[in-house]
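Me: I've got a model open and I'd like to learn how to read it. Can you walk me through it, one feature at a time?

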Amino acid sequence: SAMSNLDIDARYACAKSLALEAAQLGMTYYRQRETLDVEHKGSDRQDVVSIADKRIEDFIRGRLAERFPEDGFLGEESGSAGLKARCVWVIDPIDGTACFVNGLHNWCVSIGLLVDGEPHVGAIADPNHDELFHGCLGRGAYVNETPLRASTATHVCEGLTGAGTFHPRGKEHFIPFLEKLLAEGGMFIRNGSGALMTAYVAAGRLIGYYETELKSWDCLAGLVLVAEAGGLRNDFFRNDGLLRGNPYLVAAPGVYSQLAKLIGPSLDA
Ligand code: IPD
Ligand code: CA
Ligand code: CA
Ligand code: CA
């Protein structure tokens with residue numbers, strides 16, 4: 001097949017080991033977080049970045065360039081290169097930076113791989129909870145060694161739904177969604193890491209996760225897990241979603257359409 005000249009095994013193994021190594025590097029910064037300079041990105045006082053985010057991204061990018069020099073790259077902190085390649089790595093060095101700098105444990109390293117434009121490999125390392133979520137197209141998704149399965153819920157009242165944060169784009173849809181979810185007997189929860197919340201949907205811990213706008217580095221690794229665990233997602237990649245971001249919904253198969261309906265047409269507009 002067309003895939004046979006690409007070494008997916010090597011890339012999957014690399015994604016896992018690199019996520020674990022980068023997460024350990026993250027832990028060394030996390031232990032000294034009080035000494036790290038924190039900068040604000042643009043005018044949003046809550047959108048923060050530290051030297052740890054940049055160093056971890058440089059570390060991952062350097063390793064990938066050594067191992068797979070022909071592959072493309074897209075990262076939150078250092079931008080993109082080689083996006084026309086068949087294999088493109090999409091990474092977030094720290095997802096949950098606001099948690100990280102404030103001493104909350106909900107952060108992770110997220111490493112995803114697109115092959116011919118499709119999410120194919122994902123590895124999300126959460127060092128504070130010793131959890132490595134990983135998966136590969138057609139081979140299942142796991143937390144450490146345990147297979148992941150999306151929830152069997154058939155109504156939003158049967159579990160917890162993750163909700164993201166406010167964004168300039170689509171923020172008018174956020175509170176109305178929460179109100180409708182509550183009216184249906186549902187409940188929302190937010191932990192500050194979209195990548196981990198996505199992994200939790202794959203694990204059946206959450207029945208869904210909605211954010212009015214997410215970026216591809218937040219969710220690419222997680223999307224592989226959700227698909228392999230039997231979950232559903234919206235048409236996230238439309239209109240250049242890979243580079244621009246889009247509204248985002250992942251959910252267990254029995255509640256996806258109910259959640260999509262509560263959100264309304266803005267989800268896939
Ligand atoms: C953020 C987290 C957060 C989500 C934001 C993201 P960052 O990523 O995933 O949960 O609500 O949309 O930007 O900045 O911590 O990498
Ligand atoms: Ca960020
Ligand atoms: Ca992120
Ligand atoms: Ca980040």
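Reply: Sure. Keep in mind that this is a predicted model. Let's start with what packs around a helix: you list the elements in contact with its buried residues. For helix 8, the cover includes strand 11 (160-163), helix 4 (174-183), strand 13 (208-214), strand 14 (232-233) and strand 15 (246-251).

Me: How many of the residues of helix 8 are buried?

Reply: Buried means under 20% relative accessible area. Six of the eight residues of helix 8 (residues 256-263) pass, so the helix is largely enclosed by the rest of the structure. The buried ones are Y256, Q258, L259, A260, L262 and I263. Right after helix 8 comes G264, with a positive phi near 95 degrees.

Me: Now the metals. Which residues are the protein donors of the calcium ion (ligand 3)?

Reply: For any metal site, look at the donor atoms, then at their spacing in sequence. Here D92, D95 and D218 each give an OD atom to the calcium ion (ligand 3), at 2.0 to 2.2 Å. Along the chain these donors follow D-x2-D-x122-D.

Me: Are D92 and D95 buried or exposed?

Reply: Buried, in both cases: the cut-off is under 20%, and D92 has a relative accessible area of 0%, while D95 has 6%.

Me: What coordinates the calcium ion (ligand 4)?

Reply: E76 (OE), D92 through OD listed twice, and I94 through its O, at 2.2 to 3.0 Å. The spacing of these donor residues is E-x15-D-x1-I. D92 and I94 are both buried.

Me: Where does the calcium ion (ligand 2) lie relative to these two ions?

Reply: For a cluster, check ion-to-ion distances and look for shared residues. The calcium ion (ligand 2) is 5.0 Å from the calcium ion (ligand 3). It is 3.9 Å from the calcium ion (ligand 4), and E76 bridges that pair.

Me: Last one: which residues touch the most other members in the largest nonpolar core?

Reply: With a core, find its hubs, then ask which elements feed it. This core has 35 residues, and the hubs are A52, I60, L64, W89, F100, I111 and V121. Helix 1 (8-31), helix 2 (51-67), strand 5 (87-95), strand 6 (108-115), strand 7 (118-126) and strand 8 (131-136) each supply at least two residues. Helix 1 gives the largest share, twelve residues. A second, separate core of 32 residues includes A195, L196, L214 and W217.

Me: And what does I60 touch?

Reply: Leaving out residues up to four places away in sequence, I60 touches L18, A22, I91, V109 and I111.

How values were computed
Residues numbered from 1 in each chain as written. Chains lettered and ligands numbered in written order. Predicted model: local features only at pLDDT ≥ 70, side-chain atom pairs only at ≥ 80, totals over all residues. Heavy atoms only, no water. Donors = N, O, S within 2.8 Å, 3.2 Å for Na, K, Ca; no water. Buried < 20%, exposed > 50% of the residue type's maximum accessible area, 1.4 Å probe, protein only. Core = buried A, V, L, I, M, F, W, Y, C linked by side-chain atoms within 4.5 Å. Helix = DSSP H or I, 4+ residues; strand = E, 2+ residues; numbered from the N terminus. Contact = heavy atoms within 4.5 Å.
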